[in-house]
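Subject: The two-chain model, handed over with notes

Dear colleague,

I am passing on to you the structure that we spoke about, and I would be glad if you kept it open while you read. Please look at it first, and then go through the notes beneath it.

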Amino acid sequence: MAHNQTTQDGQLIGRVCWGDLDALGELYDKYRMQVFRVALSITRDREVAEDILQEVFLKLYNFSDRIDPSVSLAPWLYRVTANLCYTHISRHRRWLLTALEDVIESVVAPSSLTCPERQAERSELRAIVQQAINVLGPSQRIVIVLYYLADLSLKEIAFILEVPEGTVKSRLHYGRKILRRRLEKHLKLLPEVAYEFT
Amino acid sequence: MNLHKMNKNQFNEHRVDYLVRYYLQESVANVEPSPQVWERIQLQIAGDARAPVASEPVWHQALWQRLTKLPLAVFRLPDLFEGDPQKMPLARVLFTELRLLNDWV
């Protein structure tokens, strides 16, 4: 199955090399959500995430001849996405000041939260988690998002970020440590909310 | 790992892991990029595919006329290329103007 996916991607990349916009469109439809969600989770800004998505696929079009068609395209896309996010975060410290809650409120469908009490609990929990994530630096944040959101292994993240696996392990370890320290304090205060997720 | 065999510390770690994963996935579960992104990609590719126009006097003149109508902030080029999302619309204005000019010439 994975081999078929790779072959299919390879064929599409080959067509993109010849300037085939339909092939790029097929790859865009296939991977846009993954790229966009990772970018949004890291940058916390919808417009920036859309700009990054655009930039990733423009790079795919412009540098398609440098992409190995025999391997999966996903790691290459994650690598470019992570690099663009890192550049954005490094240049714009705005992310430290941006209210994540605004972004989250705008992207989470209100229909999924029916009961007012549950809605209040979730909002409170979301606020606690977002405060914890706010503290992470760009490197830790990117690793945390790739690990928890994209469900990638340490080895895959190391390949994507072009750093040793030990570096990823270290960033994940310290990122989790910060998250735990921040969250455990609050979870004791919110037992009924915490138990819902255990 | 089986929840029943965890000590308190492991249980708390597991709980926090679960929470972060749940939160991150939930926060983007119902969000999609706007259709305009793909349109912009196509536009940019189409724009790049056009060869730049030779610097003839008429081209210079037309360019100057166009540029003088642009907002002053557009001329702060270093800001444009720092990727500040607040200034990206200006970059797009410049890009659109140049593309229109290219078509016109």
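What follows is an account of what was found, beginning with how far the model can be trusted.

This is a predicted model, in which local features need pLDDT of at least 70 and side-chain atom pairs count only at pLDDT 80 or more, while totals for chains, interfaces and linings use all residues. Residues are numbered from 1 along each chain as its sequence is written, chains are lettered from A and ligands numbered from 1 in the order in which they are written, and side-chain values use heavy atoms, with hydrogens and water left out.

**Confidence**

The predictor gives the complex an ipTM of 0.72 and a pTM of 0.66. Chain B has an average pLDDT (the predictor's confidence in each residue, from 0 to 100) of 65, and 39% of its residues score at least 70. Within chain B, the confidence is highest in helix α1 (residues 8-28), at a mean of 80, and lowest in helix α4 (residues 77-80), at 48. Two stretches of chain B deserve care: residues 49-57 have a pLDDT below 50 and make nine contacts beyond near neighbours in sequence, and residues 76-81, also below 50, make 11 such contacts, where a contact means heavy atoms within 4.5 Å.

**The two chains in outline**

Chain A has 11 helices and zero strands, and chain B has five helices and zero strands; both kinds of element are DSSP runs numbered from the N terminus, with helices being H or I of at least four residues and strands being E of at least two. Of the 198 residues of chain A, 48% count as buried, and of the 105 residues of chain B, 34% do, where buried means under 20% relative accessible area, exposed means over 50%, and partly exposed lies in between, with a 1.4 Å probe and protein chains only. If we take the contacts between residues at least 6 apart in sequence, 65% of those in chain A join residues at least 24 apart, and in chain B the share is 55%.

**A helix pair in chain A**

Two packed helices are described by the angle between their axes and the distance between the axes. In chain A, the axes of helix α2 (residues 21-43) and helix α3 (residues 46-62) come within 8 Å and cross at roughly 140 degrees; such axes are lines fitted to C-alpha atoms, for helices over the stretch in contact, and the angles run from 0 to 180 degrees between N-to-C directions. The residues that make this contact include A:Leu24, A:Tyr28 and A:Phe36 of α2(A), together with A:Ile52, A:Leu53 and A:Phe57 of α3(A).

Between these helices lies the loop that holds A:Arg44, a residue other than glycine whose phi is nevertheless positive, near 65 degrees. A:Arg44 counts as buried because its relative accessibility is 2%. A:Glu162, which is likewise not a glycine, has a positive phi of about 55 degrees and lies in the loop between α9 (154-161) and α10 (165-187) of chain A, but A:Glu162 counts as exposed, because its relative accessibility is 57%.

**Helix α8 of chain A**

The 12 residues of helix α8 (residues 138-149) of chain A should span 16 Å at 1.5 Å a residue, and the end C-alpha atoms are 16 Å apart, which agrees; the expected span is 1.5 Å times one less than the number of residues. This helix is mostly covered, with 10 of its 12 residues buried, among them A:Ile142, A:Val143, A:Ile144 and A:Val145. Just after α8(A), A:Asp151 takes a positive phi of about 60 degrees.

**Chain B and its meeting with chain A**

For α1(B), 21 residues should span 30 Å at 1.5 Å a residue, and its end C-alpha atoms are 31 Å apart, which agrees. Its buried residues include B:Val16, B:Leu19, B:Val20 and B:Tyr23.

Which residues does B:Pro33 contact, leaving aside its neighbours within four places in sequence? They are A:Tyr28, A:Arg32, A:Met33, A:Phe36, A:Arg46, A:Glu50 and A:Leu53. B:Pro33 is found in the loop between α1 and α2 (36-49) of chain B, and B:Pro33 counts as buried because its relative accessible area is 6%.

With best wishes
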